[in-house]
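Hi there,

I'm passing a structure over to you, as promised. Have a look at it first, and my notes follow below.

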Amino acid sequence: MSDLAVRTTGLSKTYGGRQPVEALKPLDLSVTAGETFGLLGPNGAGKTTLVKLLLGLARPTSGSGEILGQDIRQPEARAAVGYLPEGHRFPTFLTGSEALDLFARMARVSDADRRQRAGELLERVRLSDAANRKVGTYSKGMLQRLGIAQALMNRPKLLFLDEPTDGVDPVGRRDIRDLLEALRDEGVAIFLNSHLLSEVELICDRVAILNHGYLVREGTVMDLTTTGRTWRLHSTSIPAEIASALDTVLTVEEPPAESTEDSSALTRSTLAVEDRAALNAALDTLRAGGVEIESVEPQRQSLEDLFVSVVT
Ligand code: ATP
């Protein structure tokens, strides 16, 4: 059994018609079992097309794909997959429990498992109290939580979520994030499609950015948002002679105000150096000059900064 939740090899899609649209250019992509993976891209980048191909809802023009080690052309590949589509709808006249039951029947969950699972999941998404209320009375956040419960009914090992926090308030978003983290800890791979980059940054281990059907970036959030070779430094004040010895690499941003009474106030600076050896040499110089280091961190940009820089 492969330890990959998703793998594509040269997978592409061109929609036919009078003016064919190359929605997805040949794509090689892997998502590891248990990983939380974010698929990003501007409108029309090809994200939904990729998800449709993986879920067997559209046929590839070329290439191949596997989910949980099985060919995406085989319906069995989707037996252990859960899916929350964007803008999903439940029949409004059903209660939360009835809606879950209906979707579980369609997913061929056994009768015994269905009842037990529905109760567990309603509890898990904090909808037990509303289980017997009609879905038509649910708020947007409740509907999203019910949608996630629906996607979990068949105990998936791979969960596709399209904009799971769409329209959900900050507290509800936090709940959904906590739930996704718990699922990841249980080993469920999550394939998240979202425009909310600050949220993706919090939830995802790795992301890929599509633009005009091409994969333009892929990597861990940490690697992609770390900018080159600049480190932020918090330290005690840096004597002038040490600062001038390091003036090619050190920029003191914010020395504590001279008048400050607070002896613990720290100086903020940045070190722009070639590599880790040069960073350590600069730190040695500071330490030899009596400077005490509180923290050294690689300077990072937000995922949104990165996104905007690669898609515009
Ligand atoms: P969004 O963020 O707006 O949902 P997306 O990244 O999911 O966008 P897709 O829906 O995959 O993008 O669309 C990719 C391209 O394929 C777009 O140019 C779109 O117009 C086109 N497209 C999508 N579905 C079809 C279709 N059924 N027939 C023809 N063209 C399509």
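To start with a small one: is Glu218 buried, partly exposed or exposed? At 34% relative accessibility, Glu218 counts as partly exposed, where buried means under 20% relative accessible area, exposed over 50% and partly exposed in between, with a 1.4 Å probe and protein chains only.

A word on the conventions before the rest. This is a predicted model, in which local features need pLDDT of at least 70 and side-chain atom pairs count only at pLDDT 80 or more, while totals for chains, interfaces and linings use all residues. Residues are numbered from 1 along each chain as its sequence is written, and side-chain values use heavy atoms, with hydrogens and water left out.

**Salt bridges**

Glu218 has a charged partner: its side chain meets that of Arg206 in a salt bridge, at 2.8 Å from N to O. The term stands for a side-chain nitrogen of Lys or Arg within 4 Å of a carboxyl oxygen of Asp or Glu. Arg206 lies in strand S9 (residues 206–211) and Glu218 in strand S10 (residues 214–220), so the pair ties together parts that are 12 residues apart in sequence. Arg206 itself counts as buried, at 14% relative accessibility. Helices (H or I, at least four residues) and strands (E, at least two) are DSSP runs, numbered from the N terminus.

The structure holds 15 salt bridges. Another of them joins the side chains of Lys140 and Asp166 (3.7 Å, N to O). Lys140 sits in helix H4, and Asp166 in the loop between strand S7 (158–162) and helix H5 (170–185), so this pair links parts 26 residues apart in sequence. Lys140 counts as partly exposed at 41% relative accessibility, and Asp166 counts as partly exposed at 32%.

Glu120 and Arg117 also meet through their side chains in a salt bridge (3.2 Å, N to O). They are 3 residues apart in helix H3 (residues 111–124), which separates them by about one helical turn. Glu120 is partly exposed at 34% relative accessibility, whereas Arg117 is buried at 10%.

**The two sheets**

One open sheet has 6 strands in the order S6-S7-S8-S3-S9-S10, with mixed pairing. Two strands pair if DSSP finds at least two bridges between them. Strand S6 (81–84) and S10 stand at the edges with a single partner strand each, so one side of each is left without a neighbour in the sheet. From one strand to the next, the twist averages 15 degrees; axes are lines fitted to C-alpha atoms, for helices over the stretch in contact, and angles run from 0 to 180 degrees between N-to-C directions.

Within this sheet, strand S3 (residues 36–40) and S9 run parallel and are joined by 4 bridges. Gly38 has Val207 as its bridge partner in S9. H4 packs on the sheet and touches S6 and S7, with its direction at about 160 degrees to that of S6. Helix H10 (residues 303–311) lies across S3, S9 and S10, and runs at about 30 degrees to S9.

The other open sheet has 4 strands in the order S2-S1-S4-S5, with antiparallel pairing. Its edge strands are strand S2 (21–32) and strand S5 (70–71), each pairing on one side only. Strand S1 (residues 4–15) and strand S4 (residues 62–67) share 5 bridges in the antiparallel sense, and Ser12 has Ser62 as its bridge partner in S4. Helix H1 (residues 47–54) lies across S1, S2 and S4, at about 115 degrees to S1.

**Nonpolar cores**

A nonpolar core here is a set of buried Ala, Val, Leu, Ile, Met, Phe, Trp, Tyr and Cys residues joined through side-chain atoms within 4.5 Å. The largest has 47 residues, and those with the most contacts inside it include Leu40, Leu127, Leu146 and Val207. Helix H4 (residues 140–152) gives the most to this core, with 6 residues. A second, separate core of 28 residues includes Val6, Leu50, Ile67 and Leu68.

For Leu127, leaving aside neighbours within four places in sequence, the contacts (heavy atoms within 4.5 Å) are Leu122, Tyr138, Met142, Arg145 and Leu146.

Happy browsing, and best wishes!
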